[in-house]
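Subject: Structure handover

Hello,

Here is the structure you were asked to look at, followed by notes on what was found in it. Please keep it open while you read.

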Amino acid sequence: MSRGTTAEKAVDERIYEVHELTRVEGEGSLRLRVRDGEVLEARLGIFEAPRYFEQLVVGRTPDEVIDIVARICGICPVAYQMSAVHGFEDLFGVRIDPQVRALRRLLYCGEWIESHALHIYFLHAPDFLGYESGITMAADHRPLVEQALKMKKAGNHLIKILGGRPIHPVSVRVGGWSHVPRVSELREHRAALEDALAFAQETVKVVSGFTMPAFAREPRVVSLRHAGEYPFSDGRIVSSDGVDVSPSGWREAFEEFQVEGSNALHARSKDGKGAYLLGPAARIMLAGEQLHPLAKEALAASGYAELIRTNIYASIVARAVELVQVCAEAIDIIDAYRPPSEPLVSWQSRPGVAAWATEAPRGLLFHRYEVDESGRIRTAQIVPPTSQNQAAIEADLVVAAKQVLDLPHAEATLRLEQMIRSYDPCISCATHFLDLRVEEV
Amino acid sequence: MISRVPIFVCGERARGDDASGFAAVDLLPAELHDHVEVIPAGQLDILLLMDLPAETPCVVVDAVAGLRPGEIWVRPLATLVDRARAMRASGRAAEPRSSHELPLDQVLALAATLRDAPPNGTFVGIGGSCFDVGTSLTAPVAAALPAAAAAIAAAVAVFAATEAVPC
């Protein structure tokens, strides 16, 4: 499970190291150094090679950008498309048909279903049930794993119906869709989503029954919040302590910075208040009143409505509640669906800044593009949720250290890994930047 | 009833010898086209295997590192499942770092666990040596493509002759 762990260095100093974190997306490491109960170093190292997407899109048109940024991640390509397309439409003053908007929410539902199902059952549940992987877990919990695979497939198939293929969809366009589904296509998938909804409700019960390691830190949380719906692509960026900016205004409140030892930029708020948490628990804390009635019911029945505020391990419950949310909302959207009268509206490029934040499964994802007079990208900035969560992960490692000191070394290390996995980090998403500085002598 | 044997082609066309599976399938004889369904799989996904009705035979084609370049390696899928289980039992299994990177033999083993039986089919591996992005097939691998195509065709012929697979 944990490769490269090292034993105690000295009687009063302990080092917990995992050179390659498992069951996370991408390549990262963990290092925690504690002396006499005091944490000297808590670091999430990210050594996956940079992927240069912010340079790859320079010189491209907005519609090309939408297809290129989808390739940043095979789990959350929709999030990348949504942040980009909303930014461009905001800059160009594009007004879309309400059914176009509904289909985009449906596409996002598909992504959250497949992403959350994958994380809960294959990446995180093995920690709670005492298995080294989802594969070994399958032997003893076959019905759960089979159902999880069916649920993931239901999400991927929804993306395929809307986006042309189950991963890296291709039909999202500035102004709408290059293709919209027939009513019958969506209705045919309704039964699979009904099954997924039932299993999501069961999932909340299952994960609520897990034993949560002790942990207490009330983090500062950030997410989108909308007055009339659970946040995907619209609303305001808000925090638990008063940040309130538009989806295009992320840079008014936050900034990126580079940290030694990580190929992903970190992020912080400009008010100096430090780390903040994104993702399912943050969304429920800030926008829980907009949960679907079935998701609200599941959250209340779980008994975790309060604990998800302070125990990061309980994020698995928040993620399961969101599974109920997106399965239920997907069914509602399908039931109300009528093909849009204008699937794709025309638009005119204009120079300026296209910026927007939407909610990826793992949390807030911000894009910013400078568009030149010829309608091409001059510069790009992409701030994924895992980049923003790095500081919160390291802050939680400091708290978790105190909880594991009495455990055997291997068990303590595993517990720390489990804590990191609670964030569902997507390291491959986070390592896309290129900060090239040429020094002339 | 038309019989079609699914051929899952793994690999990435833009990465040197990793494209060998696609190149080999391109050489399959025309008379075989009505009997196969070529499915580009990239990295073999458990969902592809679970979508197959139980007992339905398939062929999995992939480039293999560690073999001599151009060497053709044909085994029943069950053999790969046994190997994955033995490696895991001995603690030598490659650790999947993420869901993006589950090795092929472990995907097959997971399918076997969920189905109570190994997937029915044949693996055709093509030894490769260079998998760098933007490179072409190496000369030994390019030279071995007719033999790889013949191995795939032979595997399909066995199943096409013995199984009636719904299209």
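A good place to begin is one residue pair in chain A: A:Ile15 stands opposite A:Arg33, which belongs to strand β2(A). Please keep in mind throughout that this is a predicted model.

The sheet in chain A

The pair belongs to a contact between two strands. β1(A) and β2 (residues 28-35) of chain A run antiparallel and are joined by six bridges. How many strands form the open sheet, and in what order? There are three, in the order β1-β2-β3 (chain A), with antiparallel pairing. The edges are taken by β1 (13-18) and β3 (38-46) of chain A; each has a single partner strand, so one side of each has no neighbour in the sheet. From one strand to the next, the twist averages 5°.

Two helices lie across these strands. Helix α14 (residues 409-421) of chain A lies across β1, β2 and β3 of chain A, and runs at about 55° to β1(A). Helix α13(A) lies across β2 and β3 of chain A, and its angle to β3(A) is about 145°.

One residue of helix α13

A:Val398 is found in helix α13 (residues 385-404) of chain A. Is A:Val398 buried, partly exposed or exposed? It counts as partly exposed, because it has 15 C-beta neighbours inside 10 Å, and a residue needs 20 or more to be buried. Leaving aside residues up to four places away in sequence, A:Val398 touches A:Val39 and A:Ala42. A:Arg43 is 355 residues away from A:Val398 along the chain, yet their C-alpha atoms are separated by 9.4 Å.

Chain A as a whole

Contacts between distant parts of the sequence are common in chain A: among contacts between residues at least 6 apart, 71% join residues at least 24 apart. The secondary structure of chain A comes to 15 helices and 13 strands. Its radius of gyration is 21 Å, close to the 22 Å that the globule rule gives for 441 residues, so chain A is as compact as a globular protein of that length. The C-alpha trace of chain A spans about 70 × 65 × 35 Å along its principal axes. Of its 441 residues, 54% count as buried.

A helix in chain B

Helix α4 (residues 104-115) of chain B has 12 residues. From its first C-alpha to its last it reaches 17 Å, close to the 16 Å expected at 1.5 Å a residue. Why is α4(B) described as largely enclosed by the rest of the structure? Because 10 of its 12 residues are buried. Among them are B:Leu104, B:Val107, B:Leu108 and B:Leu110. Which elements cover the buried residues of α4(B)? The cover includes β1 (5-10), α2 (46-51), β3 (58-65) and α3 (77-89) of chain B, together with α5 (134-140) of chain A. After α4(B) comes B:Asp116, whose phi is positive, near 65°.

Confidence

The model scores ipTM 0.77 and pTM 0.88. Chain B has a mean pLDDT of 88, and 89% of its residues reach 70 or more. Among the elements of chain B, helix α1 (residues 20-26) has the highest mean pLDDT, 97, and α3(B) the lowest, 88.

Regards

Terms used: Residues are numbered from 1 along each chain as its sequence is written. Chains are lettered from A and ligands numbered from 1 in the order in which they are written. This is a predicted model: local features need pLDDT of at least 70, side-chain atom pairs count only at pLDDT 80 or more; totals for chains, interfaces and linings use all residues. Helices (H or I, at least four residues) and strands (E, at least two) are DSSP runs, numbered from the N terminus. The radius of gyration is taken over C-alpha atoms; the globule rule is 2.2 Å times the number of residues to the power 0.38. Two residues are in contact if their C-beta atoms, placed from the backbone, lie within 7 Å. The expected span of a helix is 1.5 Å times one less than its number of residues. pLDDT is the predictor's confidence in each residue, from 0 to 100. Two strands pair if DSSP finds at least two bridges between them. Axes are lines fitted to C-alpha atoms, for helices over the stretch in contact, and angles run from 0 to 180 degrees between N-to-C directions.
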